[in-house]
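Work through the following exercises with the sequence and the model at hand. Each task is followed by a solution that proceeds step by step.

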Amino acid sequence: MNYLHVKAVEVDEEVATVYLKQELDERLGKEMKDGERILVDSDEFAFIYIIEDQEGFYGIRFNEQVWPQLKEGFNKGTTYFLKLNEMTRLTLAEFNEEMSFLLENIKGNGNYGEAFEQTVKAVFE
């Protein structure tokens, strides 16, 4: 899986825009589809939203430094859009539902590691 790192998340009343550290070229951006799921990297303290194209999967890495903005957007129930390049934004349609499931699952669950669980709790509760 290829990883794309989030640089920033801007939250408005109804929309949260996710900016990547590196934009995808226009052709590749047009081929991307929403993978509709979030994984967790509890060792590196990241939530990873999956997008895909015909070649494979890409993980959008939301590292700990953008979690406060994720929380703000999540609490407002905003729609998340991933800016792939100047011409292409991709709706992350299941972002809030997936985050809700994960946050509930992480509470009190030692499988994620105590440090990760405590950090998630400190930011999202």
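**Exercise 1: the buried side of α2**

In α2, the residues Trp67, Leu70 and Gly73 are buried, where buried means under 20% relative accessible area, exposed over 50%, and partly exposed in between (1.4 Å probe, protein chains only). This is a predicted model, in which local features need pLDDT of at least 70 and side-chain atom pairs count only at pLDDT 80 or more, while totals for chains, interfaces and linings use all residues. Residues are numbered from 1 along each chain as its sequence is written, and side-chain values use heavy atoms, with hydrogens and water left out.

Task: establish how the buried residues of α2 are placed around the axis, and state what covers them.

Solution. Begin with the arc, taken from the directions from the helix axis to the C-beta atoms: the buried residues of α2 cover an arc of only 125°, which puts them on the same side of α2. The general background is that an α-helix has 3.6 residues a turn, so residues three or four places apart point the same way. Next, look for contacts (heavy atoms within 4.5 Å): what covers the buried residues of α2 includes β1 (2-11), β4, β5, β6, α3 and α4. Helices (H or I, at least four residues) and strands (E, at least two) are here DSSP runs, numbered from the N terminus. Finally, just after α2, Gly77 takes a positive phi of about 70°.

**Exercise 2: the two sides of α3**

Task: determine the span of α3, and separate its buried residues from the exposed ones on the other side.

Solution. Helix α3 (residues 95-106) has twelve residues and reaches 16 Å from its first C-alpha to its last, close to the 16 Å expected at 1.5 Å a residue, the expected span being 1.5 Å times one less than the number of residues. Its buried residues are Phe95, Glu98, Met99, Leu102, Leu103 and Ile106. They cover an arc of only 130° around the axis, which puts them on the same side of α3. On the other side of α3, Glu97, Phe101 and Glu104 are exposed. The packing partners of the buried residues are β3 (33-41), β4 (46-52), β5 (57-63), α2 (67-76), β6 (79-83) and α4 (114-124). After α3 comes Gly108, with a positive phi near 65°.

**Exercise 3: positive phi outside glycine**

Task: locate Glu36 and Phe45, and decide whether each is buried, partly exposed or exposed.

Solution. As a rule, most residues other than glycine have a negative phi. Glu36, however, has a positive phi near 60°; this residue is found in strand β3 and, at 42% relative accessibility, counts as partly exposed. Phe45, likewise not a glycine, has a positive phi of about 55°. Phe45 sits in the loop between β3 and β4 and is buried, with a relative accessible area of 17%.

**Exercise 4: two further loop residues**

Task: describe the surroundings of Thr88, and give the C-alpha separation of Gly56 and Asn2.

Solution. Thr88 lies in the loop between β6 and β7 (89-91) and is buried, with a relative accessible area of 12%. Leaving aside neighbours within four places in sequence, Thr88 is in contact with Gly29, Lys30, Leu82 and Lys83. Gly56, in the loop between β4 and β5, is partly exposed, with a relative accessible area of 21%. The C-alpha atoms of Gly56 and Asn2 are separated by 8.4 Å, although these residues are 54 residues apart along the chain.
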